[in-house]
Each structure stands twice: as structure tokens, then as C-alpha cells.
Amino acid sequence: MNEQRPDPEALLRAAKREGRGRLKVFLGAAPGVGKTYEMLSDGAVRRENGVDVVVGVVETHGRQETASKVRGFEVVPRHRVPYQGHVLDEMDIDAVLARRPALVLVDELAHTNAPGSRHDKRWQDVEELRDAGIDVYSTLNIQHLESLNDVVASFTRVRVRETLPDKVLDGAEIEVVDIPPDDLIERLREGKVYVPDEATRALGNFFSKSNLSALRELALRFAAQTVDAQMLDYVRAHAMEGTWAGGDRLVAAISEQGGALELVRAAKRLADALRAPWTAVHIETPRSAAFTDVENIQLADALHLAAQLGGQVATVPAESVLEGLKNFTAQARATQLIVGKSIRSRWFELRHGSIVDRLVRETPGLAVHVLPTTPAPVPRGLRLRPPGEWGSLTGYLFSLALTAMVTLIGTAILSSGNITDLGLLYLLPVMFAATRYGLRTGIVTSLACSLAYNFFFLPPTHTLTIEDPRNIITVLMLLGVAIVSSQLAARVRAHALLSQASAAQNSALAGFARQLTGIRTSDELAQVLCTEIGGLLDAHTLLLMPDEDGLSQRWSWPQGAHLETLDLAAARWCFANNRPAGRGSDTLTSSEWLFHPIAAGGTALGVFGLARSDARAPVRADQQPLLLSFLDQAGLALERIELEARMGDLSQARERDRLRHSLLSSVSHDLRTPLTTIMATLAAIDAKEPQQAAQVAAARGEAERLHRFVTNLLEMARIEAGALHGKTQPVALDEAVAEALHGLRPLLAGRPVTTELASDLPMVLVDPNLFHHCLTNLIENAAKYGDPDTPISICAARTGGGLALSVSDRGPGIPQGEEERIFETFARIEGSDRKGGTGLGLAIVKGFATAMGLHVTAANRDDGQGACFTIHFDTAHLKDWPGI
């Protein structure tokens, strides 16, 4: 039977990649090595081969050779995001998804998007594109990887803030774009990377030759490790035999014997020298249940040290250490194995053989390093042997009683006839004793059975003398069969207990997963998580969740757990850094509690704590994988609960928006008809007396104001319904401003208005009706909220990227930080230009401007004496006068 089968996890990873777009990353050691240029060159080759390629976002940084490469590509227009008085350009992910190319070029994978974007990071945009089946080419510098952030900062003295998780590059194709440090420094001096002043500072800091050499080594090593991991994934998924030693892979076999810590340190040194990944593995056999306290502590310390030194940790159940190591090294495709050679008795080696000798003989493709180990000193107060190692008194008494019962049964059978083969009856108590109480009890029972058989059934009976030499062979055979049967039965028992323990862990995980499916609140999750883990690991547990005051305790098991100041500090550090803290970790080890983050998507959602009342370590190293499995499931459940809550809030918001839209549409339509009649009647009244004429004029002005309000309601309903379909036409700014001022004559009566419109301004390409509403609402807003008798200023001037039209007043201005919210529907900002009114005018300006492809911003005047609202026109919305 061929034991080589595809690895289920590798197959699962391959299945997840099916249907997703592929990611290729051009990896560099530093800015200026030519990543973007190489990405564009590869994209051009793909385009020439008939692939549909578009540019999502490419940053040329003013480099002419890079800009020339962009020509010839279809470039998806960027999304303009206003932020703190500036306009930032980001990749328009919706436009790319609507365009749906085969391949999109996305520069600077670790880039942080502008606030207000759909995703915080550009790599999240890339993940959405890949989920839609679109291939992506992107660029990345090695210092932006989260796992290498601390390493890079240690020698460059520069902390890179924009990072991305390493998992983003899982399955990605990596192409290293590399140039020698001297060439990069020369490019920097020539101004091909930064402008001269910035280049001088960079040469004196980040871009030193030593830094560039170290970064180059990190990039090459990371690429090699990634390729090796992908190769192994393919080999496992296709059940291919062999080591496939494209690079060294190291395994350290950790036992319960003293000297395991030295072996772990030696493995770390060898892995660093080989620049190879390494794993510390413990093979869990039936003997593991008989470990003493000293052996358990030594094993836990060794595995914990391996995790601290950056190695992977694994505990593998197997029938024997030899078979477990052979299988694990074969699955890991290991090239180097480190084992310890401990001092064993001759009797032990006769019974179990030499594992080191058999490893050398039976693993010819594996380099085996043998290190001598010395026993560690035994701390006081620890048991040298586990309880029950020699069996229990109850087991011996019950087994001897069973032997006596079999003897009575044999006597009864013998008295009924001449039946001489009664020795096989004594196998029954031996098998029972070994299966129920272990090997030693079984051996003692086998000796008792042999003596009973000799004493009661072999002539001369009731003596231990054997008269017939043939009976000596019978007794010896019975004893041998009994001992062998006892060993086999004990081995079956040990395997059953080991399988039972593994099944109990799997059952606990499965049961916990089933409970999670029915949980709907975080409080229920806290109760179930603390109870399950506390009972399984026999520890005190608690769960902390974030709230307005920081972290608050949601549940504890048993109830009444209290955290001291140091414990709370460890919990806060754990939550802030998404890493374990407290006892048994690397940080704040004086705390009595061990805290683990509960995370999902790389973000900490809570903190889980463990402690023991007897001051022992909260969790053994071999229990760590089980604990992490529980916490991973809890993180997914907590994320699901939060998403369900957000979906509920979103549904309520959608229902409120639907009702509001219906109300706006209904009220505005019902008011418009009678209002039109009122305005027509007022216009037809010809008042003769001055007092009546003034009253009619006042009524007409109020009716016009009410008409504008109703019109705003209708236009807001159109915006929210997405029913704006404007027609773009060339419009002269001076004429548009004059028309808006003419329509607002009653409101502006006696109010000074200054206009500064240059005579050489181009026409703007807008929808005349929508643009008229924008101007009307901006001017009305300035008249309403500016101080009385102060002028309203309307200015238009060319800017570097187009044209800007501003309407400013002299009022209280806009509070800092409210520049964006002022455009929201029904928003009224206290202590500002929006402290009264309905809050529709500026929202309509924003909606109409967006519908025409324009951008509108709000800010305070440069002199701080009022607000200024600006409509920005890019070059695509400008048209020169005919003949100019």
C-alpha cells in the first residue's frame, strides 16, 4: 500500500486559490531599484501577447523613464478623495471592477489609502480585485513586510509605518528587482530617485551602503523562502516523493530528557548558519502518559524556548519515536535532523533499541546531527515518578482474585474429566490485567498464573516441583505467552489511551465549534469560551473586550476573577500589539496571568487570560496548539457577531433612508402645486397703496423662499434616488454668476456682492441647470449665515490643475474638523455657518457637483473671518472660447 497521499491542507490551499486572480509582486530592497519600471515592462509584454491590461494606479514620482512606460496603457481614472482641505487621488476600485480587465497594474502594495476610502490599505483593494478573478501586478519594498519591520528598524534606525501582513503574499509569484548598492547610490546622486535636497539627506541616513546590502540580503532571502514554501506546497498537494532540497529545512527532535534546551539552542544556531527554516517537534508516544513532573516541565520549557527563538513547534502522536520522526521529516521534506543522544541503560537499549542508530540506517537522504545531552538537575518538591507507574493496589488485588477464580474454574473442570490443557485459561486474567491496569500489573499476573498452574495442576500437585520435563516446557511457554500477551495488551491499552486523549481534544474542538454556531452575542461567546477552556486546561480564565474606557472584563471562570495593575498592563499591551503577554510570554512576565489576543483579519478583537491558583505555568507548551485553535475559532465567531451587528445597523439605516426619501418626495410634490398657485396670485396682485405693496412684496419674497425650499426637497430626493442625468454644455462663468444673482435679488436686497472674474477665464463644461442650483445654494448660504451688511465675495481663478470658483462670506466660519460633515444631508454645525436651517442646501451642492464630475470643498477664509466654499474644475471640464 502506498502511503504517499496528497496533503489535505495543501489541497485546501490550492482549492482556495482556484477562481481567484493571481498576484505577482515585484520585490525590491529599497526605493529606486526599478520595481515600477519592471512591472510596466512585464505588463507591456502581456499586453502585446493579447492580454487585456489596464493601469489601476502607477506612481511615477516624476521619473521620465517610468512615465514614458505608462504611455500606451489604458489608465483607469483615479478616485478623488478630499482630506483636510486637499484632494488625494486613490485607485478607483469600483471603476476597475466595472472595467474587469484580465490584468491590472497596481503600484505600491503597502500604500495607506486616504481616509474615507473603502479599504484602509491598498493590499485590501488588491485582495478584492483577486476575489473578483482579476490578476494583479504590484510592487513592494522588503521593509514594508510586517514580519521584517523590527529587523529593518534595528539597523536602519527608521521605523516603517506602512506595512502589510505576510499572508498577503501567500501563493504570490515573487520577482526580485535587484541592482547593486553602488549603482543605486549613483542613481540617487544623479537625482533619479529623489530631488537633490532629499537625495542628500537620504544618502546620509537610509541609503548607506551597509543598509542597502542588508536590505538586499533580506529581499533575496525572503524570495528564496517563498519559492521554497510554494514548491513544498505543490509537492505535498500532488503526493510527490523525495526531499526536494532546493533549500535546507531543519527539524530538531525534542524529548523529555534533560539537555533539551541545549539541543534547541544548537538547532537555532545551525538554522541561522544555514539560513534555513526550522521546526522543533516532539513525538508523543504511549510512554508520554508516564512522564514525571520533571520530564513534563523540561519538555514544555524546550518547546517554549523553540517558539521564542523563532522556530515552529509541533507535537505529533505516533506509535514510536522512530516512526514519528521518519513520517514527520518525510512530510516536512527536511534535509537536516538534530537529535539528542542521552545516557540510557543497557536494559533500556535492549528493550527499545537505539533510535539514533536506526535513524541513520533508515533515513539515507537525511543528514542526522547527534548531540550528547546531560540530565538536568531535579528541582525540589517534584515527583521523580508519576503516580501509578507501578500499578495500583486495587489492580493487583483484582487481578490476583481473577487468577484465583480461574484456578477454581480449572479445578472444577478437571474434576469432571481428564482434561489436561487448562493452561490457556490463565491467559484470561493476564489479558484483563494488562489491558485494564497496564504492563507491570499484567507481568505480575502472568507470574502468578504460572505459579498457580504449576501448583494446582502439574504433578506432583500442591508443590512447585515439576516431575515431568515436558511440563517444564509447558510452564515456560505459558509464562512466555502470558508475558508477550501482557505486553501486546498493554500496548493496545496505551494506544487506546493516546487515541482517547486525541479524540477528546478533537471532540472538544468540534463541540466548541457547534456551540459557536448558535451564539449571537459577545457575552454568550465569553461565557462559553471561558468555561470550555477553563475546564479543559484546568485553569482560571477570563475574557476582556474593548469599550469606551479601554478593556473591560466580560466573563471569568470561575466567577470573581480580579486583575491587578500589572495584569491589566499586560492585557492592554497584548491587545494593542496583537501578541501574547504575561507569564510564559516575552513581555511583562511578572504578571500571574498569560494573555492571548483573540484576533480576526490581523486585528485584535479581545484578550483572553489564563492563570493557575497553584502558581504553575498557565498552559504547557504541548497544550498551546489546542489553546490557539480555540482562540482562532473564537476570533472568527466574534468577527461574525460584529458583522451581524453591523448588518443589522445597516438594514435599519437603509430603512430610515427609504422612509426619508418617501417623505421628501411626498411632501415636496404635495407642496409644489398650491405653492405655484400662491406665487402666481401674488404676482397678479396690483397693490395701489404703499403699505399694501410692501405687504405683497414681503409675501412674494417668503413664497419664493418657500419655493426654493420645496425645490431643494425635490432635488434632494432626485440625488438620493440616483435620478440625475445632466447634459454637459459649455457655460460662461460670468453669465452663470449673473443669472444666479438675478434670481436671488429679493434675498440680496441691500447686501453688497463683489465678483472677481477674470476676463480670460475659459468656459466650464457643466449641466447649466444643475450648476445654476449649485451657485444659487452657495450664494444663499453665504447670505443667510454671513454677518449682516458684510459683503459676499465670488471669485474665479485658474489653478495649477484647472480652475476654482469660490463663494465666501464674513461670518463665524466652520469649526475645525467639520469641513466634510458640513455637506451631509440635514447636517447643522453649531457655532458655524450651519447653526440653523434645514441643512439641505450644501448637501445639494455636493450631490450636483459630484453628478457633474466636479469637486467641492469647504474651508475658512485665509483671514479667518468667514467661510469659503470652492468648486474645483479639472482640465477635462474646461473649454476655451472659440478662436482663442
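Leaving aside its neighbours within four places in sequence, which residues is leucine 733 in contact with? They are Leu757, Leu761, Val764, Phe771, Ala796, Leu803 and Leu805, where contact means heavy atoms within 4.5 Å. The legends below start with the whole chain and then come back to this residue.

**Figure 1. The whole chain, with 25 helices and 26 strands.** This is a predicted model, in which local features need pLDDT of at least 70 and side-chain atom pairs count only at pLDDT 80 or more, while totals for chains, interfaces and linings use all residues. Residues are numbered from 1 along each chain as its sequence is written, and side-chain values use heavy atoms, with hydrogens and water left out. Helices (H or I, at least four residues) and strands (E, at least two) are DSSP runs, numbered from the N terminus. The protein chain has 884 residues, and 41% of them are buried. Here buried means under 20% relative accessible area, exposed means over 50%, and partly exposed is in between, using a 1.4 Å probe and protein chains only. The accessible surface adds up to about 46200 Å², with 55% of that belonging to carbon and sulfur atoms; these areas come from the Shrake-Rupley method with a 1.4 Å probe, and for residues only the protein chains shown count as cover. Take the contacts between residues at least 6 apart in sequence: 69% of them join residues at least 24 apart.

**Figure 2. The largest nonpolar core, made of 41 residues.** A nonpolar core is a set of buried Ala, Val, Leu, Ile, Met, Phe, Trp, Tyr and Cys residues joined through side-chain atoms within 4.5 Å. Leu733 is back in view here, as one of the members that touch the most others, along with Val766, Phe771, Leu805, Phe869, Ile871 and Phe873. At least two residues each come from α23 (733-743), β21 (763-766), α24 (768-785), β22 (792-799), β23 (802-808), α25 (841-851), β24 (855-860) and β25 (867-874). Which helix gives the most to this core? That's α24, with eight residues. Apart from this core lies another, of 34 residues, including Val25, Ile93, Ala110 and Leu215.

**Figure 3. Helix α5 (residues 122-131), a mostly covered helix.** Seven of its 10 residues are buried: Arg122, Trp123, Asp125, Val126, Glu127, Leu129 and Arg130. What covers these buried residues? The cover includes the strands β1 (23-28), β2 (53-57), β5 (86-90), β6 (103-106) and β7 (135-141), plus helix α4 (93-99). After α5 comes glycine 133, with a positive phi near 90°.

**Figure 4. The largest cavity, about 50 Å³ of space.** On a 1 Å grid over the protein atoms alone, a cavity is a set of points where a 1.4 Å probe fits but cannot get out, and lining residues have an atom within 4 Å of a point. Grid points are joined across faces, edges and corners, and a volume is the space filled by probe spheres set on the points. The structure holds one cavity of 30 Å³ or more. Look for Ala29, Val33, Asp178, Ile179, Pro181, Leu184, Leu212 and Arg216 around the largest cavity. Two elements, α7 (181-189) and α9 (209-237), give two or more residues to this lining. By type, the lining has six nonpolar residues, no polar ones and two charged ones; Ala, Val, Leu, Ile, Met, Phe, Trp, Tyr, Cys and Pro count as nonpolar, Asp, Glu, Lys and Arg as charged, and the others, Gly among them, as polar.

**Figure 5. Threonine 279 and arginine 333, with leucine 250 in both stories.** Threonine 279 sits in strand β10 (residues 278-284) and counts as buried because its relative accessibility is 13%. Leaving aside neighbours within four places in sequence, threonine 279 is in contact with Leu250, Val251, Ala252, Gln312, Ala314 and Phe328. Arginine 333 is in the loop between α12 (321-332) and β12 (336-341). Why does arginine 333 count as buried? Because its relative accessibility is 6%. Arginine 333 and leucine 250 are 83 residues apart in sequence, with 9.1 Å from C-alpha to C-alpha.

**Figure 6. A cis peptide bond between tryptophan 557 and proline 558.** Omega for this bond is about -10°. Proline 558 is in the loop between β15 (550-557) and α20 (565-577).

Conventions:
On a 1 Å grid over the protein atoms alone, a cavity is a set of points where a 1.4 Å probe fits but cannot get out, and a pocket is an open set with protein on both sides within 12 Å along at least five of seven lines; lining residues have an atom within 4 Å of a point.
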